[in-house]
Amino acid sequence: MENPTALNAARRTADLNALADGAELDVVVIGGGITGVGIALDAASRGLRTALVEKHDLAFGTSRWSSKLVHGGLRYLASGNIGIARRSAIERGILMSRNAPHLVHAMPQLVPLLPAMNHFNRAMVRVGFLAGDALRIMAGTSSSTLPRSRRISASRVVEMAPTVRRDGLAGGLLNYDGQLIDDARLVTAVARTAAQHGARILTYVAASQATATSVRLTDQRTGESFEVKAGAVINAAGVWGGDIDPALKLRPSRGTHLVFDAAAFGNPTAALTIPIPGELNRFVFAMPEQLGRIYLGLTDEDAPGPIPDVPEPSSAEIAFLLDTVNTALGTTVSSSDVIGSYAGLRPLIDTGEGRTADVSRDHAIFESPTGVISVVGGKLTEYRYMAEDVLNRAITVRALRAGECRTRNLPLIGAAANPGPAAGPGNAPASLVARYGAEAANVVAVATCERPTEPVADGIDVTRAEFEYAVTHEGALDVGDILDRRTRIGLVPRDRDQVVTVAEEFLALR
Ligand SMILES: Cc1cc2nc3c(=O)[nH]c(=O)nc-3n(C[C@H](O)[C@H](O)[C@H](O)COP(=O)(O)OP(=O)(O)OC[C@H]3O[C@@H](n4cnc5c(N)ncnc54)[C@H](O)[C@@H]3O)c2cc1C
C-alpha cells in the first residue's frame, strides 16, 4: 500500500481529480497554515470526509514567520489573561509529551541581570518565572520535560551566552519554554498526519465564492476551476480571511526577526532574553536555532493597508532589534552581521483602539451571513485547541455526523508512537532525527538519489535525502517549497543561492 502520510504531485492530482468528479465531502478547510491543517487533522480523525485547500504551499503565510516558540502562556498571565495562559500551558504540554515530542524541545531562556535592570524589574521577572513554573505544574508537564526556573551565577551566564556584557553582571534568571525545530515543519507534519487519516491536502488550489455548503476551487497551476459541495466550509485563511468572508474585521500586526550566524553571538546555548527599555514584561530574544543560526526577534507594529504575500521588515524594526539586543552585549552585533531577516503578520481581531502589542491573542469563531465558518486570531501553540473548538461548532451548526475529538492523544507523524508505515532500518544523522523524529531513518532508507547522506552544499547541514523526501513525501512542488518551507535554507539568501540548482535537480527526478 502507498504510504498514507506521503504527499506528492501524483497524490495531489488524484485528489484534485476526485473532487472535480464530485467526491463527497463533509468539510472543506480553506488555508494550509497551522490553523487550517489542525482543523483538517481534527476533522479527518473524527471520521469526517475532509479536503484542505491552500492557495500557495503549506505554511506559506504567517505560520512560517513565527518565533517558533510553543509558549507556556507567561505573557498572558502578566496581562491578567489567566484563561489563555492556562490553555497555552496545557497545549504546550500536549505537544511536548504526546503530539510532537520530536519537534518541540525545552529551550532555556536567559535574562542576564545587568545594571540597566532595576530591582523592581528583576523581581517582576523572577515572580513571572515562578508563576510560569506554577502554570507548568498545573498543566501536568513534568520538570523532566521542562526544567524549573532558577537563578544562575554570572560565570554560568557567560558560559551559556558568551558575548553578554560582563561589567556589572550579577548572574541571570533562567526559565524554560517549548521551542519548535521549525514552525513550517510542524505544519507539514500536521498536514501529513491529516492525510494519514484520509484528508485530501491540496496545495496551489485557491478558494473563492465560499458559502455555507459550497466553494469554488481554482488550481493555481493549470487555471482550471470547479465548485465543490460540503457539509461545512471553514475559513482558516489567516490575515487573508477577509477575502473569503468580507464581514471579518482584522487588524494585522507585523513581527520581524533577524537571522545571524550563531558565531556572532559566541554560539550560545540559551536564548538571550533582553527587557525592552521602558516596557514592562516585553523582551527581545536571541534564540539558538537549527543550521547554526540565531533568530533575533521580535517587533509588534501595526500593518494597515493591502496584505502582501510576503511581508518585509522595515529599517526601523531592524534598528530597534539591534539597539535593544546590544544593550546587553559586550561584543555587540551590527547590521553587517545580519545574514537574513523575515517578517510575518499576526491575524489579530480588530477590537478598535490601542497598540497591537496589547490586542488579545485569543481566537474567535464567526459564522458569516453567507454561512462560512471563520476562525481567526489565536497562537500557533494553541492550534489543536482552536481546531477542536471550530469543529465542535461546525458539527453542531451544520448537523454533521462525527466522532469525538481525538487529537489530544494523537501522535503526529515522526513521534515515536507514529513512525510511519515503512520506517527504514539503520541510524540517521542527528540533524535528521531533530527534524523528522522516528521517521528519520526512513528519510534515508527510501532515498533513491546518489550520496543521500551528503549535505546539499558545503557548510549547509541539510542532506540530499531531505530534498528528495520533501518532493516524494512532504508535498513540495517547486524550488520555493523545498528551500523556504520544507527546509529553511532560504532564510539566508546566500545559502539559498548555493542550492537552487540542487533543488531543481530533485524536482526534475519526479
Ligand atoms: C512574527 C510572529 C511571531 C509569532 N510567534 C509565535 C510563537 O512563537 N508561538 C506561537 O504560538 N505563535 C506565534 N505567532 C502567532 C502564529 O504564528 C499565528 O497565530 C499562526 O501562524 C496563524 O496561522 P494561520 O494558519 O491562522 O494563518 P497562516 O499561517 O497565515 O495561514 C493562512 C493560509 O491561508 C492561505 N490562503 C489565503 N487565502 C486563501 C484562499 N483564498 N484559498 C486558499 N488558501 C488561502 C494562505 O496562503 C496561508 O498559507 C507569531 C506570529 C507572528 C506574526
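**Exercises: a sheet and a helix pair**

An open sheet of three strands follows the order β8-β9-β10, with antiparallel pairing. (Strands are DSSP runs of E with at least two residues, helices are runs of H or I with at least four, and both are numbered from the N terminus; two strands pair if DSSP finds at least two bridges between them.) This is a predicted model: local features need pLDDT of at least 70, side-chain atom pairs count only at pLDDT 80 or more, and totals for chains, interfaces and linings use all residues. Residues are numbered from 1 along each chain as its sequence is written, and side-chain values use heavy atoms, without hydrogens and water.

**Exercise 1.** Find the edge strands of the sheet, then examine how β9 joins β10.

*Solution.*
- Step 1: β8 (205-208) and β10 (225-229) are the edge strands, as each pairs on one side only.
- Step 2: Strand β9 (residues 214-219) runs antiparallel to β10, and five bridges join them.
- Step 3: Opposite L217 stands F226 in β10.

**Exercise 2.** Describe how helix α14 crosses helix α15.

*Solution.*
- Step 1: The axes of α14 (residues 479-486) and α15 (residues 493-508) come within 8 Å and cross at roughly 125 degrees. (Axes are lines fitted to C-alpha atoms, for helices over the stretch in contact; angles run from 0 to 180 degrees between N-to-C directions.)
- Step 2: So α14 is oblique to α15. (Under 35 degrees is roughly parallel, over 145 roughly antiparallel, 65 to 115 roughly perpendicular, the rest oblique.)
- Step 3: By class, the contact has seven nonpolar, one polar and three charged residues. (Ala, Val, Leu, Ile, Met, Phe, Trp, Tyr, Cys and Pro count as nonpolar, Asp, Glu, Lys and Arg as charged, the others, Gly among them, as polar; contact means heavy atoms within 4.5 Å.)
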